[in-house]
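Please find below a short note on the structure, set out as numbered points. It is intended to be read with the sequence and the model side by side.

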Amino acid sequence: MPDELVFKTKEFQSKLLDSSRLKGYTPIQILGKGDAILRLPTGRLEGGADYRGDDAVLSF
């Protein structure tokens with residue numbers, strides 16, 4: 001289980017965030033969009049694009 005909870009600015013109520021802190025999570029608030037690359041255990045890479053923008057995942 002991860003110990004960090006990443007959330008977008010207006011998506012979570014403060015009551016839910018407080019409850020998460022009590023369970024040991026560290027809430028991290030993000031303000032912008034985010035894209036990511038995940039390295040899988042096999043060594044392969046997997047990309048992810050933020051659905052809130054015009055981002056896309058491409059590979060070569």
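1. A residue is called buried when its relative accessible area is under 20%, exposed when that area is over 50%, and partly exposed in between. The model discussed here is a predicted one. Gly47 has a relative accessibility of 41%, and therefore counts as partly exposed.

2. The overall composition may be stated next. The protein contains 1 helix and 4 strands. Read from the N terminus, these elements follow the order β-α-β-β-β.

3. Burial and surface can be considered for the whole chain. Of the 60 residues in the protein, 10% are buried. The exposed area of the protein is about 5,400 Å², and 56% of this area is supplied by carbon and sulfur atoms.

4. A further point concerns contacts along the sequence. Among contacts in the protein with a separation of 6 or more, 10% are between residues 24 or more positions apart.

5. Strands S3 and S4 deserve attention as a pair. They are antiparallel and are joined over 4 bridges. One of the bridge partnerships links Ala36 with Gly48 in S4. The hairpin formed by S3 and S4 has 5 residues between the strands, and in this hairpin Gly43 adopts a positive phi near 95 degrees.

6. Gly47 can now be placed within this arrangement. Gly47 belongs to strand S4. Although Gly47 and Ile37 are 10 residues apart in sequence, their C-alpha atoms lie 4.5 Å apart in space. When neighbours within four places in sequence are set aside, Gly47 is in contact with Ala36, Ile37 and Val57.

7. Which residues line the largest pocket? The lining consists of Asp35, Ala36, Ile37, Leu45, Glu46, Gly47, Gly48, Ala49, Ala56, Val57, Leu58 and Ser59. Strand S3 (36-39) and strand S4 (45-48) are the elements that each give two or more residues to this lining. The contribution of S4, with 4 residues, is the most that is given to the lining.

8. The character of this pocket may be described in two further respects. The space in the largest pocket amounts to about 200 Å³. Sorted by class, the residues of its lining are 7 nonpolar, 3 polar and 2 charged.

9. The points on Gly47 may be drawn together in closing. Gly47 is a residue of strand S4 and is one of the residues lining the largest pocket. Ala36, Ile37 and Val57, with which Gly47 is in contact, are also included in that lining.

Methods:
Residues numbered from 1 in each chain as written. Predicted model: local features only at pLDDT ≥ 70, side-chain atom pairs only at ≥ 80, totals over all residues. Heavy atoms only, no water. 1 Å grid on protein atoms, 1.4 Å probe; cavity = no way out; pocket = protein on both sides within 12 Å on 5 of 7 lines; lining within 4 Å. Points joined across faces, edges and corners; volume = space filled by probe spheres on them. Nonpolar A, V, L, I, M, F, W, Y, C, P; charged D, E, K, R; others polar. Buried < 20%, exposed > 50% of the residue type's maximum accessible area, 1.4 Å probe, protein only. Contact = heavy atoms within 4.5 Å. Areas by Shrake-Rupley, 256 points an atom, 1.4 Å probe, with all protein chains shown as cover. Pairing = 2+ DSSP bridges.
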